Amino acid sequence: SPVAESNVFEIFQRSAQAIILPRGTGPYITSVDVSIVAKEGADVRFTTDGSEPVDSPTWEAYRTPFKISSVGISIVKAVALQQGKAFSNVVSASFNVLERVQSVHIDPMSGLFTQTAKIIMTCNTPGATIRYTSDGSKPNAASMVYSDGGIELTENGKQQTFVINAIASKIDMGDSEVATSQTITVQPKVDTPTLYPTPDEG
């Protein structure tokens, strides 16, 4: 009689998937710190160029959190392997890193002025928009926009003190750090006293 044949299939249990942190594409300014969490004892392979970590020539063994500082979108893929099990399914995460706008330069940074102080602000990132406050508060999207030619701080009849905070922004870039002046004081003009001769005593 014909010999019965059967196909034997080996069934492997997959390893538990790894988790890539942080969650969310961003954007992140200048860099992002990435960590990968897996079951205790599992080995983790990862790539940062979007290739498959199981057989890619660029895969690396995960040991500690790593930093991505390349501007643009980077794709991290990871796979876990537990002893006696098959590779886990591949997990993927995208991270969008933006270059930061250069900080605003404020000139002068401090001083005592009479009647008016003219403040010039510049940013070395071409096309950046500068927003500022003069009362020490943090600037935001609703703050005054700086125009070329400078701003004038006045005394309005009595001594005034100002602290300039300025930030620069540009589309597709991260906002600059806040630049802060020291105290700028503007005082009214003091009239020179007129001296009259003393009448002779007779």
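**Exercise 1. A charged pair**

Which residue forms a salt bridge with Lys67, and how far apart are the closest N and O atoms?

*Solution.*
The model is predicted.
Step 1. Find the partner: Asp33 forms the salt bridge with Lys67, and the closest N and O atoms are 2.9 Å apart.
Step 2. Check the cut-off: a salt bridge needs a side-chain nitrogen of Lys or Arg within 4 Å of a carboxyl oxygen of Asp or Glu.
Step 3. Place both ends. Lys67 lies in strand β6 and Asp33 in strand β3 (residues 32-37), so the pair ties together parts that are 34 residues apart in sequence.
Step 4. Add the environment: Lys67 has a relative accessible area of 52%, so it is exposed.

**Exercise 2. The other salt bridges**

How many salt bridges does a search of the whole structure find? Characterise the ones that involve Lys77 and Arg100.

*Solution.*
Step 1. The search of the whole structure gives three salt bridges.
Step 2. Take Lys77. Its salt bridge is with Glu52, with the closest N and O atoms 2.6 Å apart. Lys77 lies in strand β7 (residues 72-81), while Glu52 is in the loop between β4 and β5 (60-61), so parts 25 residues apart in sequence are tied together.
Step 3. Compare with the burial cut-off, which is under 20% relative accessible area. Lys77 is at 16% relative accessibility, so it counts as buried. Glu52, at 36%, is partly exposed.
Step 4. Take Arg100. Its salt bridge is with Glu177, and the closest N and O atoms are 3.8 Å apart. Arg100 sits in the loop between β8 and β9, Glu177 in the loop between β16 and β17, and the two are 77 residues apart.
Step 5. Arg100 is partly exposed at 28% relative accessibility. Glu177 is partly exposed too, with a relative accessible area of 47%.

**Exercise 3. Rings**

Which residues do ring pairs link into a cluster? Give the geometry of each link.

*Solution.*
Step 1. Count the pairs: the whole structure holds four aromatic pairs.
Step 2. Start with Phe46 and Phe66. Their rings are 4.6 Å apart centre to centre, with 15° between the planes, and the pair is stacked. Planes under 30 degrees apart count as stacked.
Step 3. Locate the pair. Phe46 belongs to strand β4 (residues 43-47) and Phe66 to strand β6 (residues 66-68), so the pair ties together parts 20 residues apart in sequence.
Step 4. Add Tyr62. Tyr62 and Phe66 pair edge-to-face, at 6.4 Å centre to centre and 70° between the planes.
Step 5. Join the links: Phe46, Tyr62 and Phe66 form the cluster.
Step 6. Check burial. Phe46 and Phe66 are both buried. Phe66 is at 15% relative accessibility, and Tyr62 is buried with 14%.
Step 7. One further ring contact: Arg45 lies over the face of Trp59, 4.0 Å from the ring centre.

**Exercise 4. Strand order**

Which strands stand at the edges of the open four-stranded sheet?

*Solution.*
Step 1. Write the order: β13-β12-β16-β17, with antiparallel pairing.
Step 2. Read off the ends. β13 (144-145) and β17 (179-180) each have a single partner strand, so one side of each is left without a neighbour in the sheet.
Step 3. Test one pairing. β12 (residues 129-133) and β13 are antiparallel over two bridges. Arg131 has Val145 as its bridge partner in β13.
Step 4. Contrast β18 (residues 184-187). Four bridges join it to β10 (residues 111-114) in parallel, with Gly111 opposite Ile184. Three bridges join β18 to β15 (residues 160-162) in the antiparallel sense, and Gln160 partners Val186.

**Exercise 5. The core around Val104**

Is Val104 buried or exposed? Place it in the packing.

*Solution.*
Step 1. Val104 is at 8% relative accessibility, so it counts as buried. It lies in the loop between β8 (91-98) and β9 (105-107).
Step 2. The largest nonpolar core has 20 residues, and Val104 and Met121 are among those with the most contacts inside it. β11 gives the most to this core, with three residues.
Step 3. Beyond four places in sequence, Val104 contacts residues including Met121, Ile130 and Ala179. The C-alpha atoms of Val104 and Ala179 are separated by 5.8 Å, although their positions lie 75 residues apart along the chain.

How values were computed. Residues are numbered from 1 along each chain as its sequence is written. This is a predicted model: local features need pLDDT of at least 70, side-chain atom pairs count only at pLDDT 80 or more; totals for chains, interfaces and linings use all residues. Side-chain values use heavy atoms; hydrogens and water are left out. Rings of Phe, Tyr and Trp (its six-membered ring) pair if their centres lie within 6.5 Å; planes under 30 degrees apart count as stacked, over 60 as edge-to-face and the rest as tilted. Buried means under 20% relative accessible area, exposed over 50%, partly exposed in between (1.4 Å probe, protein chains only). A charge sits over a ring if NZ of Lys or CZ of Arg is within 6 Å of the ring centre and within 35 degrees of the ring normal. Two strands pair if DSSP finds at least two bridges between them. A nonpolar core is a set of buried Ala, Val, Leu, Ile, Met, Phe, Trp, Tyr and Cys residues joined through side-chain atoms within 4.5 Å. Contact means heavy atoms within 4.5 Å.
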